[in-house]
Each structure stands twice: as structure tokens, then as C-alpha cells.
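Student: I should like to work through the packing and the sheet of this protein with you. May we begin once the model is displayed?

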Amino acid sequence: MPAIADPSTPNTHKRKLRSHAPPRAESPSPSPPKWKSPRPSAIASPHSAANGNEIVADENQGVLRKPDLVKSLWNLKDGEQLRVVKEALHLATAPSAVVCREEEQDMVLGFCKSCIEHEKAGSLYICGCPGTGKSLSMEKVKEALHNWAKEEGFPLPDVLSVNCTSLANTSDIFTKILGLSQSRGRRVLATPLQQLQNMYSQKSSTRNMMLIVADELDYLITRDRAVLHDLFMLTTFPFARCILIGVANAIDLADRFLPRLTSLNCKPAVVTFRAYSKDQILRILEERLNELPYTVFQRQALELCARKVAAASGDMRKALCICRSAIEMLEAEVRESVCNLNTPLEEKSSSEQNMATVSDPMKKQEFDIVRIDHMARALSKTYRSPVVDTIQSLPHHQQIILCSSMKHFRGSKKDTILGELYKSYSQLCKSSLIPPTGILEFSNMCRVLNDQGLIKLGPSREDKLKRVTPKVDEADITFALQGIRFFRNCLQ
């Protein structure tokens, strides 16, 4: 293999290396032949493949492999691919990593480690709204705690996970704890709670630490508060070796039972799982979808879903259900397009579209993936509101006014004058080849929108100088109009 010449070597040496090349015509002002420096560039490196078909670069240089840049196209008609996609978005499918909850998991794991290291009982209360990753995080904490104890040489803790809603009687939780704490022996007359209290009052060197995770703790709070108090009081006994973690959905429940636990000297530490933000929901969805070898969703569609769910509840389970519903919207659209191929004009447009998708893979991908209009319909189905119904029932030009006002007020603008809004409306109409109405009719339509509470018109002697303020959320306008083909490009 010929050696790569050093750029610092004399020109004669370079010519010597290139002596096998055919003679070149002399130019009027001869100059040394050009030599490409072997330094790495944005698309190649010393480790690049010789054929140039695949970029295999050093990860430390930040160069990506070409196959990772473009995913293969998703075939919606492939039943196996469709099943894999829906399974990836299913609530029962646990992700490989629970992202956006690292801080909370570290707090819980650190608490458990401290209890095991000091061989001391303790209690922890985890609260948060539904769909904020509490139960999923606890599964990861149990796995991490087991690995840590094994690596550090501590006895592996016994683990008991109880869903309180599955208990026939609330006191059955003590039976489950007792069954894990001791082997079966002769029957005794004492209740399971009394046996546990006696056990934790006597010193024992053979008893392992026990991790008790009581999920859906709300059930005990609302049904039998005495059982709840007795459960947390077990951690206060002198020789108790249990780590009690209660998980509840509502944040305000802590205020209803913590004061009593404080008076009993068994107040637990509290970890709160806040509702997911828009960026967190988007990241979690992308983490799940990145494991697939093909692109399924348009990014703007995922952003729309994340924004609406975060504004409504921050419930990740709701976001997953909405994404699955959006896939069903795409399925219905494909079925409908297949049924409409009977009309010659439609057959022509379909064949033209198919030719375009074959010639341009990116267009084919856009046609096959879940777009923002599919997501908008799925969101509208889930978060149906009177405002959306009102917008969808408006005449076409009033809908155009709302669409133009939404684009006009994007950013930091809070209000404008009616004359400026009319300019935005006229530009949108002309770009869509629709003749705009006159300023007088436009002013009358704005009054109608004001009466319906969609915009607010300020007082002024002259119509053009009236202040216009939006009264509906941008997301509601998007949900209402994205299903209409005319507005798809306008709302991008």
C-alpha cells in the first residue's frame, strides 16, 4: 500500500510520487500540482471507507455513519411493521430507559441505599399526577438496587410489590408482608399486624432487609386510614428492617394524611413527580420511536401532541394513546384513498402522486408517515371542546381570519389594529388564490368573531384603528382547521 506523502515534503518529491500519471499540458504560469491534505473533513476521515459508499468515522470526531442519517421508509400496508409500531407506543411496553425522571429515580435509589447500608428501616412517599412515570420509575429503581447490592456485597433485599386496589381487604397487605418475612410454621392466634409488630420488636441477625412498594396508596387513604397509619408505623419499631415506599396519584393527598403521621412520629420523606413538560413528552416519544428502523411520525405532529398533552395534563399515557389514534387516522385515510381510485380523475392524480413518490423518496416518506393533520384529528377526538366545534362551524372566510390572526400573533405580539390584521388576511387569501373581502365586510366578520368570544375588539371611532386581541389558544385553532385541506399549508 503506497505511503501518504507528508505535505511538508518538497515539491520534487510530490512530482516523483506522481510520475506514473500521464503528462499534462504546460500552463503559461506553471504552479505545483494541487495536493489534498490528509486532515479530516466534515464528510471523511482517515477511517473512511475507500469506496466512499459508506462513511465509517471515528465517534470522537462527531462524524455519523451514513446509514444512521436516513431511516428506511415505513410500509403502512405491512401488517408486521404496523404491529411493531403500535406495540412500541403501547402502555404495556416498557421502554429500555426511563428518561426525564433521572433525578427522581436517583433520590429514591439513594434513600434505599442509605437504609440498606445502615440496616435501618425507613419510609418514603411518592406522589404525582397519573401518567408521570412513578410506577415505571419504581421498576427501574428495584432493578438498580438489586444490581447495586450485588456489586457491593450486601445481602439482596427481599422485594414485595403490592397494588392496593387488588386487595380484597385493606388489612391483607400485612398478610403479604408477613408471608415474605417468615416461612410457614404453626398457626398462631395473633393477627398478621400483631405478628409483624412482635417480629420487629425483637432483634434478629438472620432477617434480610425488605423493600415494600405499595402502589395506588390512594386506595388505603380513602378506604381505611387506620391501616395506612399502622403500615407506616411498622418502620418505627426498634428492629424493623423494612423500606416502605408508598406511591399515590394525587399530590394533595399528602396534606390529608401526613399531619397524622407526623404526630405518630412516622412521617415519610416525600418525592414529587411533576407533570411532564412539552419538551419531556417529545423526548420520551422520540426515544420510543428511535428504536424503530423506519420513520413513522412527522416531527411537527409529535410536537403538536406534546404541546397539547403538556398543556392539558402532562399525562404520558394520554400522549401514547393519542399517537396510536393518529396512526389509525392515517390507516383510514389510506383505505379511503384506495376506495376512491375508481374515478378516472382521481386515478390520474393518484398515479401522478405515485410517480412523484417513486422519484423522490422524501416525498414518499411524507406521504406514508403520520402528518400534523392526522395528529390534529386525533387530539380533537381526545380533547373535544366547544371552542373547536365553534371554529369548525364558522364560514370559510371567518376561519381564514382566525388562521391569519394566529400567524399574525405568533411570537411576542399580544394585540394589533384591525387594519394590520386585514393586511395579513388579504395576503393569506391572495397566496391561496382566493379573492379577499373588502375592509367593511372584514370588519363585520370580526364583530361576529368578537360576539362568539374568539377575538376581542377594542373601541375606536375608526374601524381600522380598533385593537384586536386573540381570545382562543393557537392549539385550538390548529385542531379545528388541520382537518381541512385548505389550511394544512397555512398552519405550518
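Student: Is Phe442 buried or exposed?

Tutor: This is a predicted model, and in it Phe442 lies in helix H20, residues 439–451. Buried means under 20% relative accessible area. Because Phe442 has 0% relative accessibility, the residue counts as buried.

Student: How far apart in space are Phe442 and Tyr422, C-alpha to C-alpha?

Tutor: Not counting residues up to four places away in sequence, Phe442 touches Ile401, Leu418, Leu421, Tyr422, Tyr425 and Thr437. Tyr422 is thus one of its contacts. The two residues are 20 apart in sequence, and their C-alpha distance is 7.3 Å.

Student: Which helix gives the most to the largest nonpolar core?

Tutor: That core has 73 residues, of which Trp74, Phe297, Ile327 and Met375 touch the most other members. The greatest contribution, nine residues, comes from helix H13 (residues 316–339).

Student: Which residues does Met375 contact, leaving aside neighbours within four places in sequence?

Tutor: Met375 is among the residues touching the most other members of the largest core. With those sequence neighbours left aside, its contacts are Phe297, Ala301, Leu304, Cys305, Ile322, Cys323 and Ala326.

Student: What is the bridge partner of Asp158 in E3?

Tutor: The open sheet has five strands in the order E2-E3-E4-E1-E5, with parallel pairing. Strand E2 (158–163) is an edge strand and pairs on one side only. E2 and strand E3 (residues 210–215) pair over six bridges. In E3, the partner of Asp158 is Met210.

Methods: Residues are numbered from 1 along each chain as its sequence is written. This is a predicted model: local features need pLDDT of at least 70, side-chain atom pairs count only at pLDDT 80 or more; totals for chains, interfaces and linings use all residues. Side-chain values use heavy atoms; hydrogens and water are left out. A nonpolar core is a set of buried Ala, Val, Leu, Ile, Met, Phe, Trp, Tyr and Cys residues joined through side-chain atoms within 4.5 Å. Buried means under 20% relative accessible area, exposed over 50%, partly exposed in between (1.4 Å probe, protein chains only). Helices (H or I, at least four residues) and strands (E, at least two) are DSSP runs, numbered from the N terminus. Contact means heavy atoms within 4.5 Å. Two strands pair if DSSP finds at least two bridges between them.
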